[in-house]
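Let's take a walk through this one together, starting with its pockets and then moving on to its cores. Have the view open and follow along.

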Amino acid sequence: MHVGILYSRIRRDEKLLLSELRNRGHDVEKIDVRKQQFSLDGTTADISNLDLVVDRCLATSRSLYATEFLESYGATVINSPKTADICADKAKNSLALANAGVPTPVTKVAFTTDAALEAIESFGYPCVLKPVVGSWGRLMAKIDSRNAAEAILEHKATLGHYEHKVFYVQEFVAKPGRDIRVLATDGEPIAAMTRSSDHWLTNAAKGGKTAAFELDETALELVKKASDAVGGGLLGVDLMEVGGAGSGEYTVHEVNHTVEFKALNEATPVDVPAKVVDWMEAKAAETSDEKAEAPAI
Amino acid sequence: MTEAECVECGAELSLHDDLEAGEIIDCGTCGAELEVIDTEPPVLDRAPELEEDWGE
């Protein structure tokens, strides 16, 4: 298999992936998107012999455009630009989950500080204000009072970028000090872990403590539905337990499309990069079969 | 293990054998984040600052 890796920074996740691919004898083409140009009919990147292109861009903006261009050249890209488009934006993510019947936190979007304040007041306190684009728990606000709401909204309105004027307000889910991260390929879980913290944000990037987690039937079903809702692929599905730890009732708050998995690899006995590469090999074989069956033009 | 110089403080850095272009390493002396620009021979530069759309 000849695999292209789109990147702008090699994290430990990419190192694990590169090592597994090379150990299996696959050819790897590292494509630093910062050095490339993408025109309407081709790119400066050498993609001519690639069976598969894996998007591992750290910057969401680059991920969105690079995958879109590459797919237009006929490359098989994981994850697809459609999936990236939904997952990169929390509002689109929430809509896709809700439309697929996946339980997800109650969410409202408003475009002015006045309308956002009304939305916040309708939830009551605490509630949560999140940037529509962002990761690792950055710029997330748990709002405990009207005074705090007014101050945060004013700050957001003056931050400059138009995305900060898309106010994404959400109910505060009283999770049991932890949430659940599931790494899945086309809805099939590879590994799952809890992320625990005394802080309301439990992201591993914020220092949340990780531990392996066994998914029950309900969670398995939700992971599959959430994956399908965003178009499938290699995804990180995040769930919160509603009604306490082990309640068996969940809400899915988001799906991530350039998912990091180093923490899962350490927290669980699963050889995560091996499982990811197994799936990539199956994807490449599928693509190759489809191309062979396609009628010659 | 190879060595390179920190572009921020000039300290000598010991680099791992499985170094990858695009990887970030920390200077143990000054704490600067450095990006590996090339591996043979190793070339380091100051890593880009965190951008708002970075993440997963």
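How many nonpolar, polar and charged residues does the lining of the largest pocket have? Keep in mind that we're looking at a predicted model. The lining counts 11 nonpolar, 2 polar and 12 charged residues. The pocket itself holds about 510 Å³ of space. Its lining is made up of 25 residues, and the ones closest to the centre are Arg11(A), Trp136(A), Ala205(A), Glu260(A) and Lys262(A).

Where does that lining come from? In chain A, helix H1 (12–23), strand S12 (188–196) and helix H8 (262–267) each put in at least two residues. H8(A) is the biggest giver here, with 4 residues.

Now swing over to the second largest pocket, with about 330 Å³ of space. Here 14 residues do the lining, and Ser61(A), Leu64(A), Val133(A), Tyr162(A) and Glu163(A) sit nearest the centre. Sorted by class, that gives 5 nonpolar, 3 polar and 6 charged residues. Helix H2 of chain A, residues 60–72, gives the most to this lining, with 4 residues.

To place this second pocket, it helps to bring in the domains. Chain A is divided into domain 1 (2–81) and domain 2 (106–171), and their C-alpha centres lie 34 Å apart. The second largest pocket draws at least three lining residues from each of these two domains.

Next, the cores. In soluble globular proteins, nonpolar side chains tend to be buried together. In this model the largest nonpolar core has 26 residues, and the ones with the most contacts inside it are Ile5(A), Leu17(A), Leu21(A), Leu183(A), Val272(A), Val276(A) and Met280(A). The chain A elements that give two or more residues to this core are strand S1 (2–7), H1, strand S5 (52–55), S12, H8 and helix H9 (272–293). H9(A) has the largest share, 6 residues. You've met some of these names already: H1, S12 and H8 also supply the lining of the largest pocket.

For a closer look, pick Leu17(A). Which residues is Leu17(A) in contact with, leaving aside its neighbours within four places in sequence? They are Ile5(A), Arg56(A), Phe261(A), Val276(A), Val277(A) and Met280(A).

One more stop: apart from the largest nonpolar core lies another core of 23 residues, among them Val102(A), Val182(A), Ala192(A) and Val252(A).

How values were computed. Residues are numbered from 1 along each chain as its sequence is written. Chains are lettered from A and ligands numbered from 1 in the order in which they are written. This is a predicted model: local features need pLDDT of at least 70, side-chain atom pairs count only at pLDDT 80 or more; totals for chains, interfaces and linings use all residues. Side-chain values use heavy atoms; hydrogens and water are left out. On a 1 Å grid over the protein atoms alone, a cavity is a set of points where a 1.4 Å probe fits but cannot get out, and a pocket is an open set with protein on both sides within 12 Å along at least five of seven lines; lining residues have an atom within 4 Å of a point. Grid points are joined across faces, edges and corners, and a volume is the space filled by probe spheres set on the points. Ala, Val, Leu, Ile, Met, Phe, Trp, Tyr, Cys and Pro count as nonpolar, Asp, Glu, Lys and Arg as charged, and the others, Gly among them, as polar. Domain bounds come from an automatic or database domain assignment. A nonpolar core is a set of buried Ala, Val, Leu, Ile, Met, Phe, Trp, Tyr and Cys residues joined through side-chain atoms within 4.5 Å. Buried means under 20% relative accessible area, exposed over 50%, partly exposed in between (1.4 Å probe, protein chains only). Contact means heavy atoms within 4.5 Å.
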